[in-house]
Amino acid sequence: MGVCRTQLHQGRSLLCCGCPGCCRIPAVQTPPRSQASLLLPRAVPVLLSLLSTMFLVGLSGGIASGKSTVVAVLRELGCAVIDADVIAREVVQPHLKAYQQIVRHFGTDILLESGEINREALGSIIFSQPEKRQLLNAITHPEIQKEMLKQVLKYFVLGYRYVILDIPLLFETNRLTKFMKHTVLVYCDPQTQLSRLMKRNGLCQAEAEARIASQLPLDEKRKLASHIIDNSGDRESTRRQVLRLHARLEDSLDFLWARLALGAAVAGLGGLLYLLLQHFIS
């Protein structure tokens, strides 16, 4: 149950097979059990419920909106952050499945002398040809999502109560938003976004505008996000907003429920331990 609930939202899971229910096994007559053996099965569901409280937070922005600044603050706070961009670079390493498909469809002209994909060359193609961008997404997104799921499960096992998924195209693809308890947009006003991109990438205005136009406008994304971090100002202003968001997530009802479940689990295990000690002493 814990694995399915890792990415659960309103009863839907990325991992759940969707079967209508468990098989029904006829009751079997069993001999009477001790108090300790009766208490253990009651404690296990509480522990499993505790494990299922982890929720997902989708983080997105726009090109040059300053999402990396927000991620840096979140990491400082000890948050679990999964970076889809990093994973996207990993899944297209030479000889992997996505790499082979990209070379097959885009040709060897996009390769560096080392055999690795030239991201600048590939980027120039997909920004000017929407159909090529869709093809690239169709190749890479399934591999990226599989790796992200592995990392979510890792943080689940480590006991994190929520995981932040840093996904640049979260709102464009719209396939993962239904699994997010919260969605966060790192926003900045259009003029700030344009000037930052031109300065950061050394682009002329027309080139920068073309890259921004390839994404859903930030003002449209604002309507889809449950939380907004406005990064139009200075770094300290952005940091204060991230700290407030972090506090809200930690104080959410999900965490209250987890604390209550933890208390019940500890009490149940304490009672079990007491009964076992009484059994061995007597």
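## Sheet order and a buried arginine

Colleague: What percentage of the 282 residues in the chain is buried?

Modeller: This is a predicted model, so to speak a filtered one: local features need pLDDT of at least 70, side-chain atom pairs count only at pLDDT 80 or more, and totals for chains, interfaces and linings use all residues. Residues are numbered from 1 along each chain as its sequence is written, and side-chain values use heavy atoms, with hydrogens and water left out. Buried means under 20% relative accessible area, exposed over 50%, and partly exposed in between (1.4 Å probe, protein chains only). For the 282 residues, the buried share comes to 39%.

Colleague: What is the order of the strands in the open sheet?

Modeller: Helices (H or I, at least four residues) and strands (E, at least two) are DSSP runs, numbered from the N terminus; the chain has 13 helices and 5 strands. Two strands pair if DSSP finds at least two bridges between them. On that basis β1 (residues 55-60) and β3 (residues 162-166) run parallel with 5 bridges, and β4 (residues 182-187) joins β5 in parallel through 4 bridges. The open sheet of 5 strands, with parallel pairing, reads β2-β3-β1-β4-β5.

Colleague: Why is one side of β2 and of β5 left without a neighbour in the sheet?

Modeller: β2 (80-83) and β5 stand at the edges of the sheet. One side of each is free because each has just a single partner strand.

Colleague: Which residues of β5 point to the buried face?

Modeller: Side chains alternate along β5 (residues 227-230), and Ile-228 and Asp-230 point to the face that is not buried. Ile-229 stands opposite Val-186 of β4. The buried pair on the other face is His-227 and Ile-229.

Colleague: At about what angle does α12 run to β5?

Modeller: Axes are lines fitted to C-alpha atoms, for helices over the stretch in contact (heavy atoms within 4.5 Å), and angles run from 0 to 180 degrees between N-to-C directions. Helix α12 (residues 235-250) lies across β1, β3, β4 and β5. To β5, the helix runs at about 160 degrees.

Colleague: Which side chain of opposite charge is nearest to Arg-211?

Modeller: Arg-211 sits in helix α10 (residues 205-213) and is buried without a salt bridge, meaning a side-chain nitrogen of Lys or Arg within 4 Å of a carboxyl oxygen of Asp or Glu. Lys and Arg count as positive, Asp and Glu as negative, while His and the chain ends are not counted. Leaving aside neighbours within four places in sequence, the contacts of Arg-211 include Ile-63, Phe-127 and Leu-197. At 4.3 Å, the nearest opposite charge is Glu-120.
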